[in-house]
Amino acid sequence: MRTAYLFDVDGTLTPSRCGMNGEFRIWFCEFMSNNDVFLVTGSDYGKTVEQLGTVITENVKRVYGCSGNDVWQHGRNTYSSEWKLPDLARTFLISCEYESPFEIRTGNHIEERPGTINFSIVGRNCTLDERKLYIEHDVNNRERESIAHQINSEFPNITATVGGETGIDIAPRGANKSQILRDFKKDDTIHFYGDAMFEGGNDLPLAYALKDFQLGFSHQVDGWQHTWEKLREYTTNGS
């Protein structure tokens, strides 16, 4: 029996698409040395390394990239899904990009990742200022939520969830973050920290699975500072 700590990355350990805070990094490395830590992110491994560095990514117990569709252990790829987006779904995404009232386009709108797709109206090549403009647009119009709902209604074999601040994660139905539980034992106690446990968020399937199978606890956080606060409470209280 063990206690395992699972963490989303964007919005949970780091600001979205940015590097980890230096003080938090030092503290987190110490936490890793005393606990079984796993990463469960919608991003690919390369971006996760950019944000957290190799000291963390190669020394956690395992990195579940692309919502568990690309698995890494100590810097070595141990599993990678070969799923590809169906042509009809790709055409639908292109039409969503064309029809969006948000006017800025920066390129790399359909990003291929192992076993999953990240779709972004503004594009993955956007600057921080362009990102902020899209975030404001999405908050006001709930565009990503609407597109994800349409995908889930039109294509029964794939699932779309809101991920990060500008993207939508798309994968085969069932190939979401909850799939990583296959690697854990029934007597493990799991604590999962994530910022997207809302309806349509990519952390929610794993949070639901933990509750349904009574495997542990999910902790909704609002940024890396909130995660750090909760972890310090744990280390202080010992519970």
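Select helix α5 (128-141) together with α6 (143-154), since α6 is part of what covers the buried residues of α5; helices here are DSSP runs of H or I with at least four residues, strands are runs of E with at least two, and both are numbered from the N terminus. The model is a predicted one, in which local features need pLDDT of at least 70 and side-chain atom pairs count only at pLDDT 80 or more, while totals for chains, interfaces and linings use all residues. Residues are numbered from 1 along each chain as its sequence is written, and side-chain values use heavy atoms, with hydrogens and water left out.

**Helix α5**

Which residues of α5 should be coloured as buried? They are R131, Y134, H137 and D138, where buried stands for under 20% relative accessible area, exposed for over 50%, and partly exposed for what lies in between, with a 1.4 Å probe and protein chains only. These four cover an arc of only 125° around the axis, which puts them on the same side of α5; the arc is that of the directions from the helix axis to the C-beta atoms. An α-helix has 3.6 residues a turn, so residues three or four places apart point the same way. Turn the view to the face directed away from the buried side, and the exposed residues L128, D129, K132, V139 and N140 come up there.

A distance between the end C-alpha atoms of α5 gives 20 Å, which agrees with the 20 Å that its 14 residues should span at 1.5 Å a residue, the expected span being 1.5 Å times one less than the number of residues. Just after the helix, select R142, which takes a positive phi of about 55°.

**Salt bridges, starting from α5**

Now show the side chains of R131 and E165, which meet in a salt bridge at 3.8 Å, N to O; the term requires a side-chain nitrogen of Lys or Arg within 4 Å of a carboxyl oxygen of Asp or Glu. R131 lies in helix α5 and E165 in the loop between β8 (158-163) and β9 (167-172), so the pair ties together parts that are 34 residues apart in sequence. R131 is buried at 8% relative accessibility, whereas E165 is partly exposed at 34%.

By this rule the count comes to 14 salt bridges. Next among them is the pair R90 and E112, whose side chains meet at 2.6 Å, N to O. It links distant parts of the chain, with R90 in helix α4 (residues 87-99) and E112 in strand β6 (residues 110-113), 22 residues apart. Both ends are partly exposed, R90 at 26% relative accessibility and E112 at 41%.

Stay on β6 and select E111, which forms a salt bridge with R124, the closest N and O atoms being 3.9 Å apart. R124 sits in the loop between β7 (116-120) and α5, 13 residues from E111. Are the two ends of this pair buried or exposed? E111 is buried, with a relative accessible area of 9%, and R124 also counts as buried, at 18%. To see the wider network of salt bridges, select D44, K47, E111, R113, R124 and D169, which are linked in it.

**The antiparallel sheet**

Colour β6, β7, β9 and β8 in that order, and an open antiparallel sheet of four strands is in view; two strands pair if DSSP finds at least two bridges between them. The edge strands are β6 and β8, each pairing on one side only. Four bridges join β6 to β7, and I110 stands opposite F119 in β7. Bring back α6, which packs on the sheet and touches β7, β8 and β9, contact meaning heavy atoms within 4.5 Å. The direction of α6 makes about 170° with that of β8, where axes are lines fitted to C-alpha atoms, for helices over the stretch in contact, and angles run from 0 to 180 degrees between N-to-C directions.

**The mixed sheet and T12**

Move on to the open sheet of seven strands, ordered β5-β4-β3-β2-β1-β10-β11 with mixed pairing. Its edge strands are β5 (76-80) and β11 (216-220), and the twist averages 20° from one strand to the next. Strand β10 (residues 189-194) pairs with β11 in the parallel sense over five bridges, and H219 in β11 is the bridge partner of Y193.

From Y193, step to T12, in the loop between β1 (3-7) and α1 (22-34). T12 is buried, with a relative accessible area of 0%. Not counting residues up to four places away in sequence, T12 touches Y193, G194, D195, V221, G223, W224 and T227.
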